[in-house]
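This briefing is intended to be read alongside the sequence and the coordinates. It proceeds by topic, beginning with one helix and its surroundings.

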Amino acid sequence: MTVLKKPIISILGLTLALNLSCTSGEGKSAGISNADSASDSAAEDSAQTVSVSSYEAKKFIPNELGKVMVLEYHLIGEPEDRWRRTPANFRKDMQFLYDNNFYPVSVLDLGAGNLNVPAGKTPFAITLDDSSAGQFRFINKNGKLEIDPQCALGIMEDFKKKHSDFPLTATFYVLPAIKPNLRLFAQPENKKQKLEWLIKNGYEVGSHSWYHVPLSKLNDAETQKHLGMFVKEIKEFLPKYEVQSLALPLGERAKNKSLESKGSFEGTKYNHKVVLLVGSATSSSPYSKKFSPLAVQRVQAGDMDWGIIAFADQMVKNKTRFISDGDPKTITAPAKLKEDLNPALASKYKIQWVADTASTK
Ligand SMILES: [Zn+2]
């Protein structure tokens with residue numbers, strides 16, 4: 001999809017006021033399955049309804065069934081282009097998100113609904129595809145290797161240091177066997193060191209497949225080969241690491257979709273708990289019955305009309321933004337969204353509906 005018309009400049013002020021959305025606090029675990037569980041009625045029984053007026057003083061109304069953004073970056077460098085974000089703009093994006101009450105979470109936590117987000121904030125996740133050097137570059141400074149402050153990782157690390165209340169993380173969807181300029185961050189002598197650095201420092205290494213062949217072009221055996229070989233190649237560098245998510249090359253689905261998440265090639269198994277599509281759309285809340293962790297939408301990061309600011313603006317205008325209630329064990333949302341809740345979650349969480357009057361049930 002494309003399309004909002006204008007370059008929106010909005011200030012998403014924090015006053016998402018009537019944007020009824022709430023949040024998931026720490027560590028909710030959705031256990032996602034849209035299974036038609038029998039817990040519907042149990043949910044009704046235990047759900048509470050509170051009045052919208054109880055949030056007056058807080059300037060936000062939780063909506064944990066609202067939309068979230070999984071941002072999708074490609075090249076980081078000069079000049080700005082359709083598939084390239086400049087370092088200055090990447091930094092600007094971090095600032096925008098910080099200033100507008102967004103809060104970083106990992107792709108895996110988002111996929112599992114395992115969210116620990118302060119009250120009033122909106123979770124988002126960062127993904128970077130194709131492992132170019134601009135995402136993670138070492139520079140030699142007086143004989144010592146340092147992370148280039150102008151690469152995406154350098155910018156995130158710097159931003160994190162300056163904003164301790166903004167625990168940035170990201171998933172790097174890497175390519176182990178493609179042409180050298182996209183192969184594991186394009187500094188062949190540092191491949192292992194970089195992958196190790198990422199997982200030791202709270203980042204995720206995800207599969208973007210063996211060398212970027214769209215899965216739609218492969219038969220079942222080939223699909224498993226391309227996803228299995230990714231795991232095999234990564235294990236050469238990170239023997240104990242479990243690859244847990246996949247960003248589909250070009251967003252194209254496999255002929256047999258079940259092979260996107262699970263399969264094996266010559267004894268090497270893969271098991272992706274999250275599978276990402278290509279932008280452009282916001283994702284449903286992980287607590288929504290519309291959400292599937294095996295087909296998560298992403299938003300392309302750029303200044304285009306379907307970029308971050310445009311979507312963020314849209315979420316506020318349409319009152320569709322996810323807003324955390326700050327309590328990981330409770331799912332809070334406007335009563336009018338009752339139908340959206342994944343019924344399988346009703347037995348795992350306390351459910352709280354916000355209505356115009358407390359008596360509405
Ligand atoms: Zn790609």
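**Helix H8 and its surroundings**

The cover over the buried residues of H8 includes strand S2 (69–73), helix H2 (87–99) and strand S15 (299–300). The model discussed here is predicted. Its chain has 361 residues, 48% of which are buried, and the secondary structure amounts to 8 helices and 17 strands.

**Confidence and overall organisation**

- The average pLDDT of the chain is 87, and 86% of the residues score at least 70.
- Over residues 1–43, however, the pLDDT is below 50. This stretch nevertheless has 128 contacts in the model beyond near neighbours in sequence.
- Among contacts in the chain with a separation of 6 or more, 74% are between residues 24 or more positions apart.

**The nonpolar core and helix H8**

- The largest nonpolar core comprises 85 residues, and those with the most contacts inside it are Val70, Leu71, Ala152 and Leu276.
- Helix H8 (residues 308–317) gives the most to this core, contributing 7 residues.
- H8 is mostly covered, as 7 of its 10 residues are buried. These are Ile308, Ile309, Ala310, Phe311, Ala312, Met315 and Val316.
- Leucine 71 touches Ile308. Apart from residues up to four places away in sequence, the other residues touched by leucine 71 are Phe124, Ala125, Ile126, Thr127, Arg298, Val299 and Ala301.
- After H8 comes lysine 319, which has a positive phi near 55 degrees.

**Packing of helices H2 and H4**

- The axes of H2 and helix H4 (residues 152–162) come within 10 Å and cross at roughly 35 degrees.
- The crossing in which H2 passes H4 is right-handed.
- On the H2 side, Pro87, Phe90, Arg91 and Met94 take part in the contact, and they meet Ala152, Ile155, Met156 and Phe159 of H4.
- Ala152 of H4 is also one of the residues with the most contacts inside the largest nonpolar core.

**Strand pairing**

- An open sheet of 3 strands has the order S1-S17-S16, with parallel pairing.
- Strand S1 (48–51) and strand S16 (330–334) are at the edges of this sheet; each has a single partner strand, so one side of each lacks a neighbour in the sheet.
- Direction ignored, neighbouring strands of this sheet are turned by 30 degrees against each other on average.
- Five-bridge pairing is found between S16 and strand S17 (residues 350–355), in the parallel sense. Within this pairing, threonine 330 has lysine 350 of S17 as its bridge partner.
- Strand S7 (residues 138–141) and strand S8 (residues 144–147) run antiparallel and are joined by 4 bridges. Isoleucine 139 has glutamate 146 of S8 as its bridge partner.
- The hairpin of S7 and S8 has 2 residues between the strands, and asparagine 142 there takes a positive phi near 50 degrees.

**Leucine 108**

- Leucine 108 belongs to helix H3 (residues 107–112).
- What is the burial state of leucine 108: buried, exposed or partly exposed? Leucine 108 is partly exposed, because 18 other C-beta atoms lie within 10 Å, whereas a buried residue would need 20 or more.
- Leaving aside residues up to four places away in sequence, leucine 108 touches Glu204, Gln244, Ser245, Lys273 and Val274.
- The C-alpha atoms of leucine 108 and alanine 125 are separated by 9.3 Å, the two residues being 17 residues apart along the chain.

**Backbone features in loops**

- Glutamate 78 and proline 79 are joined by a cis peptide bond, with omega about -10 degrees. Proline 79 is in the loop between strand S3 (75–76) and strand S4 (84–85).
- Serine 131 is not a glycine, yet its phi is positive, about 40 degrees. Serine 131 is located in the loop between strand S6 (122–129) and S7. With 25 other C-beta atoms within 10 Å, serine 131 is buried.
- Phenylalanine 185, also not a glycine, has a positive phi of about 70 degrees. Phenylalanine 185 occupies a position in the loop between strand S9 (171–174) and helix H5 (191–200). Phenylalanine 185 is buried, with 26 other C-beta atoms within 10 Å.

Key:
Residues numbered from 1 in each chain as written. Predicted model: local features only at pLDDT ≥ 70, side-chain atom pairs only at ≥ 80, totals over all residues. pLDDT = per-residue confidence, 0-100. Contact = placed C-beta atoms within 7 Å. Buried ≥ 20, exposed ≤ 12 C-beta atoms within 10 Å, placed from the backbone. Core = buried A, V, L, I, M, F, W, Y, C linked by C-beta atoms within 7 Å. Pairing = 2+ DSSP bridges. Axes fitted to C-alpha atoms, helices over the stretch in contact; angles between N-to-C directions. Left-handed = near helix turned anticlockwise from the far one by under 90°.
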